[in-house]
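Hello,

Here is the structure for you to look over. My notes on it come after the picture.

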Amino acid sequence: MNLTAMQAILDKIRAYDKIVIFRHKLPDGDAVGSTKGLREILRLTYPEKEIYLNNCDSSEYLTFLGDEDEPQTDEFYANALGIVIDTATVKRISNPRYALCREIVKIDHHIPIESYGTTEWVEEERSSSCEMIAAFYAAFRDELKISREAATYIYTGMVTDSGRFRYREVSGETMRLAGLMLDQGVDADRIYAHLYMKDASSLQLQAWALSHIKFTKNGVAYLHITRAMQEKFALSFESASAAVSYMDSIKDSLIWLAFIEAADGSIRVRLRSRFVTVSELAECYGGGGHACAAGATVNSRKEMNRLIAEADQLLGEYKENNEGWL
Ligand code: AMP
């Protein structure tokens with residue numbers, strides 16, 4: 001735990017009476033939960049400060065967590081502290097106006113690609129940015145206040161980014177901090193219902209997808225969800241993107257990839273793996289993320305096929321050089 005960085009962030013927060021909180025595009029539970037959780041903690045603790053959450057996009061499946069705030073003026077930003085959470089690179093920040101802020105704090109748990117904050121706290125071994133916000137609260141709980149609402153946001157992101165507390169980064173500390181959030185009265189059953197109940201169209205895509213998964217020579221599993229498929233099943237881009245999880249437990253496939261075609265013709269790539277590192281492969285295509293969960297974008301089928309071939313090679317090498325994988 002980097003107490004020096006945490007203390008430096010608390011000092012910055014104390015010093016500003018205007019604060020704006022930002023996150024990455026295409027937000028997941030961790031991006032939304034960590035930013036909303038921190039906003040609530042800071043609003044409760046410092047009611048005299050003006051604290052807002054301003055981003056330019058949202059995710060349907062997280063609407064149960066509520067709205068964000070109206071955008072502030074340029075002048076407001078110029079006098080504000082900007083806190084960017086869960087975002088490794090500037091180009092992934094949802095709201096480009098973050099750059100107007102007088103100073104920037106970066107809080108993140110992704111593999112660091114780029115430094116953009118005047119004060120930074122990055123711990124890539126953390127299972128989520130929400131875990132970091134929970135740790136921040138725990139470290140300064142004599143000063144900081146929390147509520148059931150704040151804890152609900154934070155707990156939600158801890159659940160989603162850790163694959164329901166299954167991934168390698170989950171530690172004893174993760175569970176202790178999750179416990180601290182539950183102690184605030186979080187209704188975990190309700191959160192799980194919101195996150196994991198499926199509508200019929202998603203199930204139909206899943207049924208189709210399960211019989212259309214392709215495999216490379218060395219066992220990389222992949223799905224290509226074209227615009228035509230999205231139209232056929234009346235699916236949003238976001239629901240189609242969930243297809244990556246259909247391949248997450250195929251014994252021989254330690255790497256699995258979903259390619260989801262966007263309206264502009266580009267193809268979102270979601271890379272997942274067990275034991276093998278795929279973040280470097282994502283970085284080769286301008287993306288990034290974590291060792292076993294990363295994202296990128298490709299712009300043609302040719303580029304997609306090249307990425308698949310490279311993933312295949314990676315998996316082949318892993319299997320050749322490692323024993324004991326499933
Ligand atoms: P996703 O497949 O979008 O859920 O992404 C998996 C992980 O990789 C998340 O932690 C994302 O924040 C990160 N990620 C996704 N796309 C990118 C990108 N283009 N650049 C950097 N990180 C990314």
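The notes below cover the sheet, two helices and the cysteines.

Please keep in mind that this is a predicted model.

Sheet. Five strands make up an open sheet with parallel pairing, and their order is 2-1-3-4-5. Strand 2 (50-53) and strand 5 (119-122) are the edge strands, each paired on one side only. On average, neighbouring strands of this sheet are turned by 15° against each other, direction ignored. Between strand 1 (residues 18-22) and strand 2 there are four bridges, in the parallel sense. Within that pairing, Ile-21 has Leu-53 of strand 2 as its bridge partner.

Helices. Helix 2 (residues 29-45) lies across strand 1, strand 2 and strand 3 (81-85), and it runs at about 165° to strand 2. Helix 4 (residues 129-139) lies across strand 3, strand 4 (103-108) and strand 5. The angle of helix 4 to strand 4 is about 110°.

Cysteines. A disulfide is counted when two cysteine sulfur atoms are within 2.5 Å, and by this rule the model has zero disulfides. For Cys-56, the nearest cysteine sulfur belongs to Cys-101 and is 12 Å away, so Cys-56 is in no disulfide under that cut-off. Cys-56 is exposed, with a relative accessible area of 53%. Cys-292 is also in no disulfide; its nearest cysteine sulfur, that of Cys-284, is 16 Å away. Cys-292 has a relative accessible area of 18%, and because buried means under 20%, Cys-292 counts as buried.

Regards

Key:
Residues are numbered from 1 along each chain as its sequence is written. This is a predicted model: local features need pLDDT of at least 70, side-chain atom pairs count only at pLDDT 80 or more; totals for chains, interfaces and linings use all residues. Side-chain values use heavy atoms; hydrogens and water are left out. Buried means under 20% relative accessible area, exposed over 50%, partly exposed in between (1.4 Å probe, protein chains only). Two strands pair if DSSP finds at least two bridges between them. Helices (H or I, at least four residues) and strands (E, at least two) are DSSP runs, numbered from the N terminus. Axes are lines fitted to C-alpha atoms, for helices over the stretch in contact, and angles run from 0 to 180 degrees between N-to-C directions. Contact means heavy atoms within 4.5 Å.
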